Amino acid sequence: MAHDIAALKARLAGIALEDNPALVRQKSRDFFWYSPTLKRQLDTVAGEIIATPSSEGEVLRILEACFALGIPVTPRGAGTGNYGQAMPLAGGLVLDMSGLDKVLEVAPGRVRAQAGAIIADIDTACRSSGQEVRLHPSTYRTASIGGFIAGGSGGVGSITWGGLRDLGNIIRLRIATLEATPRLLELSGEEVEKVAHAYGTNGIILEVEMPLAPAYDWIEAIIGFEDLNRAAAFANALGEQDAILKKLLSVIAAPLPQDYFLRHRKYLPAGQHVVLAMIAPIASAAFDSFTARWGGNVLFHSDRAGTEEARGLPPLYELAWNHTTLRALRVDPAITYLQTLYPFPDQLALVARIHEELGDEVPAHLEFVRFDGKITCFGLPLVRFTDEARLEAIIARHEALGIPVFNPHRYTLEEGGMKQTDAVQLAFKRETDPAGLLNPGKMIAWENPDFDFATGRTYLFPGLSAQA
Ligand code: FAD
């Protein structure tokens, strides 16, 4: 496990390095602790040194030195991933990309930025031209664009634009390989899928080009319903209203909003299941009419709340996506969650079925999105955790009903996704990382090509037990 860090430091003179064990440990962690399973498995994981390059040239020097010395490299944006994606399972160097944080160019319909740029900073730079980013995670204010592309999937904006997996939501990526002489590659069209959501296992993203949309000062509204299925049906129908422009459409079952949205509490009467909506101001009157037709209770509306009152409230998207889980965890550390998809066209029936069966053990949280052109929803249901065996049983029950689970309690790409090899990403890794030094332990197809997902066994990266 121990690598020749002294030799590495000698080669990297002039680049910002940190090997104080406490600081290295801090930057070797992400939000893996959302999962009790990952907390048990990964709590002792730490790299040996952090490098914070401030230019592409410095990144290339680091990669060349690590290849020569056989030192693993785990890229890190802001460390907000939830599955230990940015945690160095085999030790080695953590490549902190936060020094490559510049917005390089804003043009009609597109923005070019360095990978370590914070998404909110990119968005702010675009707004002076009347444009905004199409999609962002609810970690808008903290996450890097490179980390979102390598580790995330979608979020605020996905109700209109779909996810990062959809062709056209990433225009171009510039990446570096990990070889004797690292190469720079430009990927566009479907080539971006080679490294999007590959956890940095097959290239370091240096620069991104992303498409933009017209910017709005989005109205934030919370609509209440006495019945969860009615709230879900309203959100689904509102999702289908293409002329009412939206950026967020979430459904959160009572009593979660009342128990966990502490700063919005006075707007949230007991028993109300809520729909969170971000609506373009030009569609405000249409949204009011649509809500009235459905008999929704307008519990909060940012245009009608007093300025004093609205000040101090977090943005609505910080109640949604994985911020819902975070708010629950702050009140009740025993909470965990799942990530599910309710496939079109049965989404509403599947939501009703699973939540009727699992009740308050697995309270509902839905995020409506455009998926392959159709409106449907993902679930980020909370789970009142008892033990890992029960968690696995809850997952199995979802899958038996035809609700795929993207398991957030696994650190590998395959087990967190569709439980099969992504042949394109694997083939690309052979070209870009021939020694297997990029974020080891995250791609089972590379580490153990014979691993059999059908056994239901969990993959354990051998390097992990060496660290424990
Ligand atoms: P990190 O966590 O630092 O890295 C993520 C992955 O990308 C790691 O595998 C890392 O090795 C790799 N990586 C980072 N930078 C590079 C690079 N330059 N080149 C190659 N690989 C790289 N995710 C969503 O998709 N949607 C959400 O709405 C959402 N909401 C969240 C809410 C909360 C409260 C939290 C804690 C997490 C949420 N996430 C969400 C997960 C996470 O925030 C996103 O994935 C985020 O975009 C990650 O960005 P980051 O800069 O923190 O990346």
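**The ligand shell and the strands around it**

The ligand sits among 38 surrounding residues, the closest being Gly77, Gly147, Gly151, Gly152 and Gly200; a residue counts here if its C-beta atom, placed from the backbone, lies within 6 Å of the molecule. This is a predicted model, where local features need pLDDT of at least 70 and side-chain atom pairs count only at pLDDT 80 or more, while totals for chains, interfaces and linings use all residues. Residues are numbered from 1 along each chain as its sequence is written.

By type, the shell splits into 15 nonpolar, 21 polar and 2 charged residues (Ala, Val, Leu, Ile, Met, Phe, Trp, Tyr, Cys and Pro are nonpolar, Asp, Glu, Lys and Arg charged, and the others, Gly among them, polar). At least two shell residues come from each of β3, α6 (145-151), β10 (204-214) and α12 (321-331), with α6 giving the largest share, 5 residues. Helices (H or I, at least four residues) and strands (E, at least two) are DSSP runs, numbered from the N terminus.

Besides lining the ligand, β10 has several strand partners. Pairing takes at least two bridges found by DSSP between two strands. β10 runs antiparallel to β6 (residues 110-114) over 5 bridges, with Ala113 opposite Val208. It's also antiparallel to β8 (residues 172-176), again over 5 bridges, and there Arg174 has Glu207 as its bridge partner. With β7 (residues 131-133), β10 shares 3 bridges, antiparallel too, and Glu132 partners Ala213.

As for β3, this strand belongs to an open sheet of 4 strands, ordered β1-β2-β4-β3 with mixed pairing. β1 (16-18) and β3 (73-76) are the edge strands, each pairing on one side only. Inside the sheet, β2 (residues 49-52) and β4 (residues 93-96) pair in the parallel sense over 3 bridges, with Ala51 matched to Leu95.
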